[in-house]
Amino acid sequence: MPREFEITYNAKNIYDDWVYDAHWQFLIIPVENENQHEVEIEFSNSLFANTEYSINGYGFKTLRVHPKKKFKEITFEAKFKFSKEEVDPYNFKINPDISLAYNELHNSDFKIIHERFLKSTPFTSLENKQEELFKFDNSISIFDNLEALNLFIFKYIKFTAGVTEVGTPLKQIIAKKKGVCQDFTHLFCALARNNGVPTRYVSGYLDQDSGYVGDSQMHAWAEAYIPEIGWKGFDPTNNILANTNHIKVCYGKDYNDCAPLKGIIHSQGRNKTIHTVTVESQQ
Amino acid sequence: MENIENQIFSSYQRNPDLYDEIHDKKGKVKEIYQKLFNLYGEHTINDYVSLNNKAKASFFNQGITFQVYGDNNVQEKIFPFDLFPRIIDPEEWDIIERGSIQRSKALNLFLWDIYHDKKILKDKIVPIELITSSANYLDQMNGVNPPGGIYNHISGTDIIKHNDGKYYVLEDNIRCPSGVSYVICNRTALKKALFGVFNHYQTHTVTNYAENLLELLESVKPKGVDIPNVVVITPGMYNSAFYEHSYLAKTMGVELVEGRDLFVENDFVYMKTIKGPEKVDVIYRRIDDQFIDPLEFNPDSVLGVPGLFAAYKKGNVTLANAPGTGVADDKAVYTYMPQIIKYYLDQEPILNNVHTYHCSRPDELKYVLEHIHELVIKPVDEAGGYGISIGNRLSKQEIEKVKAEVKASPRKYVAQPIMSLSVHPTYIDDTESFEQRHVDLRTFTVLGKDKEFVLKGGLTRVALKKGNLIVNSSQGGGSKDTWVLKK
Amino acid sequence: MLARVANNLFWMGRYIERSEHVARYLNVNYFSSLDAPNLKSQDRQFVLRSMLFMVGDPEKDLDKFLKEEDVLYQIGLDPSYSSSIINNIKFARENANSARDLISTELYEAINKFYHFVINYPKEIFVKNGLHDFTTNVAEMTDILRGKIRGTLLHDATYAIISMGINIERATQITRMINAKYNDALLSQGGENDKFRKSFEWTTLLKCAESYDMMRRFYKKTPTSITTLEFLILNPNCPRSVMNSLNQVNRHVKMLNPEKRYNKDSTAFLIGRVRSEYEFKYIEEIDEDIKSFIEDILKSLVDISDKVDEEFFNY
């Protein structure tokens, strides 16, 4: 039985001085895929500026706003309605001969096909010593290793809002052992890739009623590619596999590929942004 | 020496170890240069002093200058221009031209491949690191089919003649190669100064570059466009190549725009004109990938156009060169050029590659560290001749410093044998005489779907400092008019 | 044509024209004062104050002693004074640079030579004995530029925009000169022979506008306030007059926008309106209140310039 979701995304931007020229690009629309269907979009802004839909460089749908008059304040509201199939994250089988999957990881064509999600990025680069943080145990399956990694990160980082920001490098997060979902996810990506598993950063929403930890904005988790199984979602912030409550918007190498809001604003002075997201669902 | 009456060359010192472009090994003036040599000999050195000053003033007055930012003022400088032209005979030019086209085509196929099936990686001809560790590989270009299948519409190939008399390629510039306007300015300046000499030679024209470029740009128009609107985009008038950008726009008869003149609406690109918005179809861009669209790449860029990349990806506008082309403009890729040419074209390279040692490979790193005094060490990702160390010119301490840097980040460096660039008589201001100076040659290749064109001339750059091998203008290089003779 | 580039061309025209008027004003005032018929007009302080008044920075402190070299340097070559001749030429060239692909090589080269002439002019020579040489050269070089604009550019939108800039600026500068000389004529009133109407300053004004010979030919009498103003403001055949400049602006805006439809928001409409106001004016009406007239015409010119900006330079 599919669940009906309704997500409301609000953003308010306030500037000290007049803004004469601004462009925003939102990457916040739930993606349509095998279990998220019929996404309806309502989008409005307080300046009644025209909204354009486009596709970004990685193939995800974006919303763009470019007001044609000056302003000091603008609010955006987006509503997304869609239905989602119940996801059973454990609905797969592991080949008893686990060495086959490991061999595949070492196959050079495999590495070439997945090179985008195997290379390290500024947000997912580790220092030499840190690569030792989590090493795979080849006597158990790749999936089991990834679940162990999920647990490891869940225990390693204490969920704390406000100690890190978008640009905090991974090595600091490892040192502080505190962070938010982006940080959990970046560390997961870094360590899984370091063990040869293609891993991508996923940006989306989390149904907060489900009782899981996320923040009031966008949530982040990881997807790892397991040979013979495919992409599997891991949410290290909650030490679970991604399930029906994880609503996917997009994926990329790291946060940079997935930033929900990009703004090109030509203005002096300070500015403030407030985001809120609510997710509601009904069976 | 012959022609002893040729007084302006009477003090010319010929170093027999260097390959002199106008003299043969015995010191005799080559046949092709004979007439020119005699014609120049009819003048006195005082004539040259005055002609040289006039040529300089002409460049200055035309505003063909670049700006040097000093401590508290901005100075305008001209690119030094040398009055003694370089002559390339038709047979040699044929090699250069075919070789330049071959490389451009191979690089284009390489780019298509690494943004599509990546066969060359799967076949293990080049290592995957060439793309995974390149800052210029754009993931966003994966699977994108640029119009006409062309990535490197415009290439600049840097070629030298070694003391074995053979041509070698030093670099393929396929991001935003500059210098073509100087080819044309040099020709104009030489004609003004010494028009008489042109009567004695059948020289190919160089003024047909713009029409060929425009034809190419029009040929890669987006689908569904009948007569494309072409523009040139520049970072602005403070860019050191601004003269060239305005020259190209003017001679093609198209608009020269800055990022702020363009905007994107519903994935189409428009320019802001006095009569309202006008759609733009093809953009010859002279800004780097990272700056073309702040929404997709560097968000701090004020040079680009928000939304441009999405419009490109949708096929509504063509960018030349294509985004992501820079990945093949990498000294590490250069070293695989013979294999790349062989792989895609099944041909032997027409122009030689300089043998390159990859410091990323342990055995080659060892060789480099042991033979550093006979090698040139180059960072793989610097342009403009920066960061180059020439082994036999370094002090002991400098050698140690370079070694330490290479050891610390081996992937960042490659090494090559020290090539001896050929030398050419060049008028030297300080001594008011002709002296040997090292030269190279940059050719300009335009590659389209069904066409290729190499400008018959190219830019001969000359290292004005005695003994210097680095010809880049940013390092005090000058240039010469370059004559390609008709068959 | 790009809106930004049109803006550059417009201002290139304005700065070229402005530099000429400022240069000629310095030249004529300085040298006519040397043998002026009355003491006030001969007074160096009076002349220097008039120069500052004309460029828009009148010295308010009536007791302040102005140093000749300082004032000449400030208006001529001071790079930190935004209204100096050197800056006008710098701005003209900068605007030309941005529009370089649209203007002819010949025009660009002439601007560039002009620029190098000015920035390399030695300061010491200028303030001691170079005033005549410098200002004459500036005036002549602007003539060359106008010649290149007329003779080496296609008479299309590019030409029309530059010409609008030149003519709006010409009208503005002529009006500013009238304003300055009107002020001088008031200040220099003295005995019987120095009455306002017959002031020597009107002759100087005509010379500043390079219109003295033309005026003498037309009226065959010594210039008075009325005849001078009539000639410089209303005579459509005087190439320097406000009327002539407005006619030129009118002609060029029609090249940009040939449609004849009634559109009261267009630049063409505004220019036509201002133009027709002066076309059928009696000089006596102006003479009644010269000060208000000057304020009105300057305001109209600013309005026209703003309108051009709004219609053509801002998409």
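In this predicted model, helix H3 (residues 44–54) and helix H8 (residues 157–187) of chain C have axes that come within 9 Å and cross at roughly 145 degrees. The crossing of H3(C) past H8(C) is right-handed. On the H3(C) side, the residues that meet the other helix are C:Ser50, C:Phe53 and C:Met54, and H8(C) answers with C:Arg176, C:Met177, C:Ala180, C:Asn183 and C:Asp184. Sorted by class, this helix contact has 4 nonpolar, 2 polar and 2 charged residues. Chain C, which holds both helices, averages a pLDDT of 91, and 98% of the residues in chain C score at least 70. For the model, the scores are ipTM 0.93 and pTM 0.91.

**Contacts between chains**

Chain C also touches chain B. The contact draws 17 residues from chain C and 18 residues from chain B. On the chain C side, helix H1 (3–34), helix H5 (85–98) and helix H6 (105–119) are the elements that give two or more residues. Of these, H6(C) gives the most, with 4 residues. The side of chain C that touches chain B divides by class into 9 nonpolar, 3 polar and 5 charged residues.

Chain B is in contact with chain A as well: 17 residues of chain A meet 19 residues of chain B. Here the elements of chain A that give two or more residues are strand E2 (21–26), strand E4 (51–55), helix H2 (108–113) and strand E14 (261–266). By class, the side of chain A that touches chain B has 4 nonpolar, 5 polar and 8 charged residues.

**Domains of chain A**

The domain assignment divides chain A into domain 1 (3–85 + 259–282) and domain 2 (98–258). The C-alpha centres of these two domains of chain A are 26 Å apart. Their contact takes 20 residues from domain 1 of chain A and 18 residues from domain 2 of chain A. Strand E1 (3–19) and strand E15 (271–282) of chain A each supply at least two residues of the domain 1 side. The largest share of that side, 5 residues, comes from E15(A). The class count for the side of domain 1 of chain A that touches domain 2 of chain A is 13 nonpolar, 5 polar and 2 charged residues.

**Domains of chain B**

For chain B, the domain assignment gives domain 1 (91–155 + 207–345) and domain 2 (355–417). Taken over C-alpha atoms, the centres of domain 1 and domain 2 of chain B are separated by 31 Å. The contact between them involves 7 residues of domain 1 of chain B and 7 residues of domain 2 of chain B. On the domain 1 side there are 3 nonpolar, 2 polar and 2 charged residues.

The table sets out the class counts for the sides described so far.

| Side | Nonpolar | Polar | Charged |
|---|---|---|---|
| Chain C, touching chain B | 9 residues | 3 residues | 5 residues |
| Chain A, touching chain B | 4 residues | 5 residues | 8 residues |
| Domain 1 of chain A, touching domain 2 of chain A | 13 residues | 5 residues | 2 residues |
| Domain 1 of chain B, touching domain 2 of chain B | 3 residues | 2 residues | 2 residues |

**Two sheets of chain B**

One open sheet of chain B has 4 strands in the order E7-E6-E11-E12, with parallel pairing. Strand E7 (255–257) and strand E12 (318–320) of chain B are at the edges and have a single partner strand each, so one side of each is left without a neighbour in the sheet. From one strand to the next, the twist of this sheet averages 30 degrees. Strand E11 (residues 282–285) of chain B pairs with E12(B) in the parallel sense over 3 bridges. B:Val282 has B:Thr318 in E12(B) as its bridge partner.

Another open sheet of chain B is formed by 3 strands in the order E8-E9-E10, and its pairing is antiparallel. Its edges are strand E8 (262–265) and strand E10 (276–280) of chain B; each has a single partner strand, so one side of each lacks a neighbour in the sheet. The twist in this sheet averages 40 degrees from one strand to the next. E8(B) and strand E9 (residues 268–273) of chain B are paired in the antiparallel sense over 4 bridges. For B:Phe263, the bridge partner in E9(B) is B:Tyr270.

Terms used:
Residues are numbered from 1 along each chain as its sequence is written. Chains are lettered from A and ligands numbered from 1 in the order in which they are written. This is a predicted model: local features need pLDDT of at least 70, side-chain atom pairs count only at pLDDT 80 or more; totals for chains, interfaces and linings use all residues. Domain bounds come from an automatic or database domain assignment. Two residues are in contact if their C-beta atoms, placed from the backbone, lie within 7 Å. Ala, Val, Leu, Ile, Met, Phe, Trp, Tyr, Cys and Pro count as nonpolar, Asp, Glu, Lys and Arg as charged, and the others, Gly among them, as polar. Two strands pair if DSSP finds at least two bridges between them. Axes are lines fitted to C-alpha atoms, for helices over the stretch in contact, and angles run from 0 to 180 degrees between N-to-C directions. pLDDT is the predictor's confidence in each residue, from 0 to 100. A crossing is left-handed if the near helix is turned anticlockwise from the far one by less than a right angle, and right-handed if clockwise.
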